[in-house]
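User: I'm new to reading protein models, and I'd like to understand why things get the labels they do. Could you walk me through this one?

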Amino acid sequence: MLAQLMPARDKAPMPDALLLSMKVNGEDVEVAAPAHFTLLEVLRYKLDLIGSKQGCDKGDCGACTVQVDGKAKLSCLTLAAQANGREVRTVEGMTAAHLHPIQDCMDKEVAAQCGFCTPGILMAAEAYLSKVGRAVSREEVAEALAGNLCRCTGYVKIVDAIVGASEIMANTEQD
Ligand code: FES
Ligand code: FES
């Protein structure tokens, strides 16, 4: 009975397992995974980093967004092998001693309802704001995060929070 309930990937033999090396949230990691595993599957099911969400699993929702070498990537469409030797950052790596300004602004704006989209939005927003390095407009945020869907339709507060964070981050860089 239990075998029937197990996902197909857990029942299948793993003759084609790969040994992958990557830096995840600043730590060197070696992990064995079937060659067909996506980065999202390795993060969630091999490394227990469940912050990145498995929403649509086909590139439509953005809930699985992580950063690979500083660029936002849909981890459900990225083979784990493509991240071999690269630096991966997930939402778990975002908070060190303090909340990141984007997290802080989302908290203050109450920009999460169920929170399912939040990790992907944080990863996409951080990659975007780091790339542009300045305060951004609401329109720019809406365009940059067009691939991140929020089922709770909390876009106004999410955009407000990211605009506010961009101003804080720009001022901090000038200090
Ligand atoms: S889970 Fe990757 S885009 Fe939806
Ligand atoms: S807060 Fe629920 S999906 Fe965005």
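Analyst: Happy to; this is a predicted model, and we can take its labels one by one.

User: Let's begin with the overall layout. What makes up the protein chain?

Analyst: The chain is divided into domain 1 (2-93) and domain 2 (101-174). Taken over C-alpha atoms, the centres of the two domains are 24 Å apart. Their contact takes 15 residues from domain 1 and twelve residues from domain 2.

User: Which elements give two or more residues to the side of domain 1 that touches domain 2?

Analyst: Those elements are β3 (65-68) and β4 (71-74). Of these, β3 gives the most, with three residues. By class, that side of domain 1 has six nonpolar, seven polar and two charged residues.

User: What makes β3 and β4 a pair of strands?

Analyst: Two strands pair if at least two bridges are found between them. Four bridges join β3 to β4, and the two run antiparallel, so the pairing condition is met. As an example of a bridge, Gln 67 is partnered in β4 by Ala 72. β3 and β4 also form a hairpin, with two residues between them. In that turn, Asp 69 has a positive phi of about 50°.

User: How do you know that β1 and β5 are paired as well?

Analyst: The reasoning is the one we just used. Two bridges join strand β1 (residues 17-24) to strand β5 (residues 87-89), and at least two are needed, so they count as a pair. These strands run parallel. Lys 23 has Glu 87 as its bridge partner in β5.

User: Why are β2 and β4 said to stand at the edges?

Analyst: Picture the sheet, which is open and has five strands in the order β2-β1-β5-β3-β4, with mixed pairing. β2 (27-34) and β4 each have a single partner strand, so one side of each is left without a neighbour in the sheet. From one strand to the next, the twist averages 45°.

User: Now a helix. How do you know that the length of α5 agrees with its number of residues?

Analyst: Helix α5 (residues 118-132) has 15 residues, and at 1.5 Å a residue it should span 21 Å. Its end C-alpha atoms are 21 Å apart, so the two agree. As for where it sits, α5 lies across β3 and β4, running at about 35° to β3. α5 is followed by Gly 133, whose phi is positive, near 65°.

User: Why is α5 called largely enclosed?

Analyst: A residue is buried if 20 or more other C-beta atoms lie within 10 Å of its own. Eleven of the 15 residues of α5 are buried, so α5 is largely enclosed by the rest of the structure. Among them are Ile 121, Leu 122, Met 123 and Tyr 128. You can look at helix α4 (residues 101-109) in the same spirit: its buried residues are Pro 101, Ile 102, Gln 103, Cys 105 and Met 106.

User: Why does Asp 48 count as exposed?

Analyst: The cut-off for exposed is 12 or fewer C-beta neighbours. Asp 48 has 8 inside 10 Å, so it counts as exposed. You will find Asp 48 in the loop between α3 (39-46) and β3.

User: And what makes Glu 92 partly exposed?

Analyst: Glu 92 has 17 other C-beta atoms within 10 Å. That lies between the exposed limit of 12 and the buried limit of 20, so the label is partly exposed. Glu 92 is found in the loop between β5 and α4. Leaving aside its neighbours within four places in sequence, Glu 92 is in contact with Asn 25, Leu 49 and Gly 51. Asn 25 is partly exposed too, with 17 other C-beta atoms within 10 Å. Gln 82, in the loop between β4 and β5, has 14 C-beta neighbours inside 10 Å and is also called partly exposed.

User: What is worth pointing out about the phi of Asn 25?

Analyst: Most residues other than glycine have a negative phi. Asn 25 is not a glycine, yet its phi is positive, about 50°. Asn 25 is placed in the loop between β1 and β2. Asp 48 is not a glycine either, and has a positive phi of about 60°. Just after α4, Val 110 takes a positive phi of about 50°.

How values were computed. Residues are numbered from 1 along each chain as its sequence is written. Chains are lettered from A and ligands numbered from 1 in the order in which they are written. This is a predicted model: local features need pLDDT of at least 70, side-chain atom pairs count only at pLDDT 80 or more; totals for chains, interfaces and linings use all residues. Domain bounds come from an automatic or database domain assignment. Two residues are in contact if their C-beta atoms, placed from the backbone, lie within 7 Å. Ala, Val, Leu, Ile, Met, Phe, Trp, Tyr, Cys and Pro count as nonpolar, Asp, Glu, Lys and Arg as charged, and the others, Gly among them, as polar. The expected span of a helix is 1.5 Å times one less than its number of residues. Axes are lines fitted to C-alpha atoms, for helices over the stretch in contact, and angles run from 0 to 180 degrees between N-to-C directions.
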